[in-house]
Amino acid sequence: MGSAERRPARTRAPRPARAGAGRPLGHGAWFLVLPALLPILVLSVVPLLYGVSLAFTDAQAGRAEPTQWIGSLNFRDLLKDTLFWESFGIGLVWAAGVTVPQFLLALGLALLLDQRLRLRWLVRALVIIPWAMPEVVVGIMWRLVYHPDAGVLNETLRDLGLGAGRDWLSSLGTALPAVIAVGVWAGMPQTTVTLLAGLQNTPRELHEAAALDGAGAWRRFRSVTWPALRPVALAITALNLIWNLNAFALVYVLTQGGPGGRTRLPMLFAYEEAFRYGQFGYAAAMGCVLVGVVSVLLSVFLVGRLRGGGAR
């Protein structure tokens, strides 16, 4: 027999390119995106840029002379301002004191709500109530709870024979812990809902397999639950830390920064400089420092997430 003839090579017809692939967004697409971009530009980007530019001026309230550019003078004065750095230290204590207990309590509550309990739907609805309340309403409500004469807390302590009660928000030793407790109570529902969503995304088969292997509750949490929950936990913890560093309304309603500046957070200090003393340029410099700190924290979190994603 002769040598077998070679079959002609099969050629694949080129796949037709999708319409618009590799092209920039057209006018119609930008028109659809514009309604979402406009609020961000008008309410976030423009005020941020204006605040940064204001930090390099001597802008003051009620001043007849025009505002002048003074360069970095406000930032140099800020480095020497011990009151600001004291408020910054109080802000760090506040942020850590709220974020850590908030996460631990929310984690425990999320683990409980993830179990098959009776009336679980009702408990989940009740948990969200503090989160749904405005911060001003929360502050007014807790001022009534902490009231030195007719507050629920002091009345309960007197009924239990644990003392005659005290003025929690006006005492130098109890003002900051009392405000931190309110911050934990108000912010815990959001963290609980986020962690609960992460728990429900964990495959049940992994827990059942670990239970069949004889793993106890703690071993299952450490080996199965926490590895699946860790990305969600890191994200919500970073966001809580940033939000708590920028806290204003809740503490302002409760104490207005008192007593003696013991609860004067950085945002409260900047507010007083701007709207009580009229130093708009100096207050804008404080805001720039806070934005820089938040940006650094956010960058550290994002770098850690990217490295963690690359490692997997």
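In this predicted model, Glu155 is partly exposed, because its relative accessibility is 34% and the buried class ends under 20% while the exposed class begins over 50%. Its salt-bridge partner is Arg158, with the closest N and O atoms 3.2 Å apart. Arg158 has a relative accessibility of 29% and therefore also counts as partly exposed. Both residues belong to helix H7 (residues 152-159), where a spacing of three residues places them about one turn of the helix apart.

A search of the whole structure returns two salt bridges. Besides the pair in H7, there is a bridge between Glu272 and Arg264, whose closest N and O atoms lie 3.4 Å from each other. Here the acidic partner has another setting: Glu272 counts as buried because its relative accessibility is 10%.

Helix packing comes next, and a pair of helices is conveniently described by the angle between the two axes and the distance separating them. For helix H3 (residues 82-113) and helix H8 (residues 175-200), the angle is about 40° and the axes are 6 Å apart. The two helices are therefore oblique to each other, since angles under 35 degrees would count as roughly parallel and those from 65 to 115 as roughly perpendicular. The crossing of H3 and H8 is right-handed. Sorted by residue type, the contact of H3 with H8 comprises 21 nonpolar residues and six polar ones, with no charged residue.

H3 and H8 appear again in the largest nonpolar core, which has 24 residues. Within this core, the residues with the most contacts are Trp94, Tyr146, Val182 and Leu254. Two or more core residues come from each of H3, helix H6 (135-145), H8 and helix H11 (249-254). H8 provides the largest share, namely seven residues.

The loop that follows H11 and leads to helix H12 (266-276) deserves a look at its backbone, as Pro259 is located there. Most peptide bonds are trans, and most residues other than glycine have a negative phi. The bond joining Gly258 and Pro259, however, is cis, with omega at about -5°. Gln256 is found in the loop between H11 and H12 as well. Although Gln256 is not a glycine, its phi is positive, at about 55°. With a relative accessible area of 45%, Gln256 is classed as partly exposed.

Notes: Residues numbered from 1 in each chain as written. Predicted model: local features only at pLDDT ≥ 70, side-chain atom pairs only at ≥ 80, totals over all residues. Heavy atoms only, no water. Axes fitted to C-alpha atoms, helices over the stretch in contact; angles between N-to-C directions. Helix = DSSP H or I, 4+ residues; strand = E, 2+ residues; numbered from the N terminus. Parallel < 35°, antiparallel > 145°, perpendicular 65-115°, else oblique. Left-handed = near helix turned anticlockwise from the far one by under 90°. Nonpolar A, V, L, I, M, F, W, Y, C, P; charged D, E, K, R; others polar. Salt bridge = Lys/Arg side-chain N within 4 Å of Asp/Glu carboxyl O. Buried < 20%, exposed > 50% of the residue type's maximum accessible area, 1.4 Å probe, protein only. Core = buried A, V, L, I, M, F, W, Y, C linked by side-chain atoms within 4.5 Å.
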